[in-house]
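Here is a friendly walk through the contacts that hold a two-chain model together. Have the viewer open, and follow along as we go.

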Amino acid sequence: MGATGPPDLGQLLKLSGRGDRQAFAELYDATASRIFGLAVRVVRDPAQAEEVTQEAFLEIWRTAGRFDPERGSGISWLLTIVHRKAVDRVRSAEASTRRDTTYHQQNQAVDHDSTADAAHASMEARRVRSALGSLTEVQREAIELAYFGGYTHTQVAGMLDLPVGTAKTRIRDGLIRLRDTMGVGA
Amino acid sequence: MTDVHALSGAYAVDALDDIERAQFERHLTECPACRAEVQSLREGAAVLGELADAAPPASLRAQVLSDIQGVRPLPPLAASVPGLPERSTRRRFPRPMVGLVAAAAAVIALGAGTAIVQPWDDAAPSNPGQVSAVEQILDAPDAEATSDRLDDGATVTVTRSKRMNLAVLETTGLPELPDDQTYELWLIHENQMVRAGLMDDAARSVMLKGDAASASGAGITIEPAGGSSVPSDDVVTVMSFENA
């Protein structure tokens, strides 16, 4: 309230964990766009994305006291929660048409240029797109299909015409590169 | 699974199917290096969230703030218990309280290889003069009891007799669960949570199934109805036996 600079998510999580509803409302205001944004990217349908976001915030409220700043950042903790729920939603919907198509037959919404459409031209987003540019094309595509598409690594291998089992390595290598380039997860 | 460590990246972005996820989570209980790596790879993945910003409808805010009204936050983690999956916690009280249980009915599951006198209500053996299985354990010369008091006053006590190779769990004040959930019991063997039966939430005492003598502890989680082959994050309690 009246504070300058971006809110300290770790602090808001700690307070929320103690039942501080005001802090939680601030947490919502600070993160809802990223959380809902990720939910929409993964589940596509805005109505379902709202439900996933709602479920995520409820779990965030319940478990905020478990957040340990020693182990990772607040935003990563929050996005991990919503991401898992979004992927569970997509998998349970069993969208069979998605599973059979190859990457190049797919709706091109997951390609590199389209990720720019959805984003603000923020400094941070630019840094992330630049970091993605330092990955190999396969690493980038594999991560995008897994993270935003909600596909399993086995499906990703099929969609990218990779030998079975190699997608998980590409994903891991790409994440390491992304992590190191962005300077997170130290 | 030839190289389970290689799943860490896919796991960090939720790109494992249910089977692989269960396998990998089991692996995480015994691999601190993978736990640390998953954590750092998740930080890497989280930066992608910057690319996917979208303002939700204003009504969602009101909905969320209203949702949390009836729900208590869980208290912080105690020191982590070795053997539990990375996300698991030492939960102090279960989900939104549906209502406290007053019934005194007992459900006893049969243990392996032991003669059970009375598999029914421990409070009132139907044949007077006969001692119920639960009482036999509680009265065993080598009986050892461990208790945990949960945040809302509920208590859980597990009593084990190595000689009888049985353990009984007694609870008071554990909340009733909705129909789609159940309490599940676990025995801890070498840092693994091994299934030890389900517990009707009306039960006050229940025998744990399996090898109690060589277990190092016991636990209770909340699972979907019918139970689950791997423990969820919803941990009611985990207790260690003194003389494991």
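A salt bridge here is a side-chain nitrogen of Lys or Arg within 4 Å of a carboxyl oxygen of Asp or Glu. Please keep in mind that this is a predicted model.

**Salt bridges**

With that rule, a search of the whole structure turns up 14 salt bridges over all chains. Four of them are listed below, each with its N to O distance.

| Pair | Closest N to O distance |
|---|---|
| B:Glu144 and B:Arg160 | 2.7 Å |
| A:Arg89 and A:Glu55 | 3.0 Å |
| A:Arg179 and A:Asp180 | 3.0 Å |
| B:Arg21 and A:Asp88 | 3.8 Å |

Let us start with B:Glu144 and B:Arg160, whose side chains meet at 2.7 Å. This pair links distant parts of the chain, with B:Glu144 in strand S1 (residues 143-149) of chain B and B:Arg160 in strand S2 (residues 155-161) of chain B, 16 residues apart. Are these two partners buried or exposed? B:Glu144 is buried because its relative accessible area is 10%, under the 20% cut-off. B:Arg160 is buried as well, with a relative accessible area of 0%.

In chain A, the side chains of A:Arg89 and A:Glu55 form a salt bridge at 3.0 Å. A:Arg89 belongs to helix H4 (residues 74-93) of chain A and A:Glu55 to helix H3 (residues 46-63) of chain A, so the pair ties together parts that are 34 residues apart in sequence. A:Arg89 is buried at 18% relative accessible area, whereas A:Glu55, at 38%, counts as partly exposed. A network of salt bridges links these two residues with A:Glu51. As for the pair of A:Arg179 and A:Asp180, A:Arg179 counts as buried, with 16% relative accessibility.

**Where the chains meet**

How much area do chain B and chain A bury between them? The value is about 5,400 Å², and 61% of it lies on carbon and sulfur atoms. B:Glu43, B:Leu48 and B:Leu51 supply 13% of the area that chain B buries against chain A, more than any other three residues. In terms of residues, the contact takes 55 from chain B and 62 from chain A.

Polar interactions cross this interface too: there are 20 residue pairs in polar contact, with both residues at pLDDT 80 or more. On the chain B side, the elements giving two or more residues are H1, H2, H3 and helix H4 (58-67) of chain B. H3(B) gives the most, with 9 residues. By type, the residues on this side divide into 28 nonpolar, 9 polar and 18 charged. The count of salt bridges between chain B and chain A is 4, and one of the bridges joins B:Arg21 to A:Asp88.

**Helix H2 of chain B**

Helix H2 (residues 18-28) of chain B has buried residues that include B:Phe24, B:His27 and B:Leu28. Which elements help to cover the buried residues of H2(B)? Among them are helix H9 (153-159) of chain A, together with helix H1 (8-12) and helix H3 (32-46) of chain B. At the start of H2(B), a side-chain oxygen of B:Asp17 comes within 3.1 Å of the backbone nitrogen of B:Ile19.

**A hairpin in chain B**

Finally, strand S4 (residues 181-189) and strand S5 (residues 192-199) of chain B run antiparallel and are joined by 6 bridges. B:Trp186 has B:Arg195 in S5(B) as its bridge partner. The hairpin has 2 residues between the strands, and B:Glu190 takes a positive phi near 50°.

Technical notes:
Residues are numbered from 1 along each chain as its sequence is written. Chains are lettered from A and ligands numbered from 1 in the order in which they are written. This is a predicted model: local features need pLDDT of at least 70, side-chain atom pairs count only at pLDDT 80 or more; totals for chains, interfaces and linings use all residues. Side-chain values use heavy atoms; hydrogens and water are left out. Buried means under 20% relative accessible area, exposed over 50%, partly exposed in between (1.4 Å probe, protein chains only). Helices (H or I, at least four residues) and strands (E, at least two) are DSSP runs, numbered from the N terminus. Contact means heavy atoms within 4.5 Å. A polar contact is a pair of N or O atoms within 3.5 Å; within protein, one must be able to donate a hydrogen and the other to accept it, and residues adjacent in sequence count only if both atoms are side-chain atoms. Two strands pair if DSSP finds at least two bridges between them. Buried area is the accessible area (1.4 Å probe) that two parts lose on being put together, summed over both. Ala, Val, Leu, Ile, Met, Phe, Trp, Tyr, Cys and Pro count as nonpolar, Asp, Glu, Lys and Arg as charged, and the others, Gly among them, as polar.
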